[in-house]
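Me: I would like a close look at one part of the model shown below. Please treat it in a single connected account.

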Amino acid sequence: MILLLEPKKSLVNAGRNDATTILVPNFCTTNSNVLLPPYHDIPKSICSTLDWHGYSISFYQDNDAVVTVVLTGIHENNWISVGVSRDGMMVGSSAVVGWMNNDGKSGTVKQYFLSGRMTSEEGIPDRGDLKFTNVTPTIVLKDKIIYMGFQLQFPQRLNRQPFLFACGFGKPAENNILPKHKYRSSLAVDFTRGAIYLGFVDSTSVKLTHGILAITGWGIIIPFGVPIARHFRQYEPLWYYLHSSVQFVGFFVGLAAVAVGRTLYDLIHADFNYHRVLGFTILALSVLQICQFIVRPSSSSKTQDYWNKIHHWVGRLEMEQEG
């Protein structure tokens, strides 16, 4: 069942990979003096290329929870943006947006609050939850390559954080309302491992499925089988078959919860070690109970009493773990 529910590594990005004759420098592997410090000399340990016109994005976090972001790519009279999301989704996020002004020399960097899916009225300028440092955000155009850098101050150091990338053709109107984006991507940045995962997936439905299966199998069905074994022994052997059937159903529902949990772990690259250890411990105890059922001695066997005690205490330990 776990193998059947193996997650398929498909990204949820939408964009293009057009060929271009412009030589785009890879900011992840080359240094550029176009941007002034602290942007041009940040460590490139957390950096990734995106799928559009050689765009690359780099993140660096210092010990004071200050995150420096640099985005580069081909300029096509467009605006570019990097958003910070709570759950990997666009709605409700805040974004840093930059574009070159009409003179082609100066640029503008603003914060936007994304109240909707980037329609003409749902990107609100000069609003958002992001806090800039005292280092001025910058955007520079050189040799048809656009560079945008900014620093954000967070309340505490980030471990894993969803970010968004988007760009669109055209420039904001006089009211700073953005034209609708043309290309977008989502990514999860793991600062603890120094890795970027493109295509951050909304895992809400998977989390819900995992929780419902775990609660149903290990929190409802298996505990329901306990009073059957305790209070209906006078109905021999009906109580035993009924008890075993209920426990088997609960076991397979719980196993499905583990399989979905493993899928969820691979999707969001979770790091909830205690939760994983607890889940696998309950699964191991459940498997032990199933093995005890298979090797259950006959009622006339001398080992029946030992089997009953082991079965009783393993079941009690499993119930305590589930609680």
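Which residue of β2 stands opposite C47?

Reply: C47 stands opposite S58 in β2. The model is predicted, with local features requiring pLDDT of at least 70 and side-chain atom pairs pLDDT 80 or more, while totals for chains, interfaces and linings use all residues. Residues are numbered from 1 along each chain as its sequence is written, and side-chain values rest on heavy atoms, without hydrogens or water.

β1 and β2, the latter spanning residues 56-61, are joined by four bridges in the antiparallel sense. Strands here are DSSP runs of E of at least two residues, numbered from the N terminus, and two of them pair if DSSP finds at least two bridges between them.

The wider setting is an open sheet of five strands with antiparallel pairing, ordered β1-β2-β3-β9-β8. Its edges are β1 (46-49) and β8 (138-142), each of which pairs on one side only. From one strand to the next, the twist averages 10° (axes are lines fitted to C-alpha atoms, with angles from 0 to 180 degrees between N-to-C directions).

β2 also contributes to the largest nonpolar core, a set of 30 residues in which F59 and L71 have the most contacts. Such a core comprises buried Ala, Val, Leu, Ile, Met, Phe, Trp, Tyr and Cys residues joined through side-chain atoms within 4.5 Å, buried being under 20% relative accessible area with a 1.4 Å probe, protein chains only. At least two core residues each come from β2, β3 (66-74), β4 (78-84), β5 (93-100), β9 (145-153), β10 (160-169) and β11 (183-190). β9 supplies the largest share, four residues.

Key: Buried means under 20% relative accessible area, exposed over 50%, partly exposed in between (1.4 Å probe, protein chains only).
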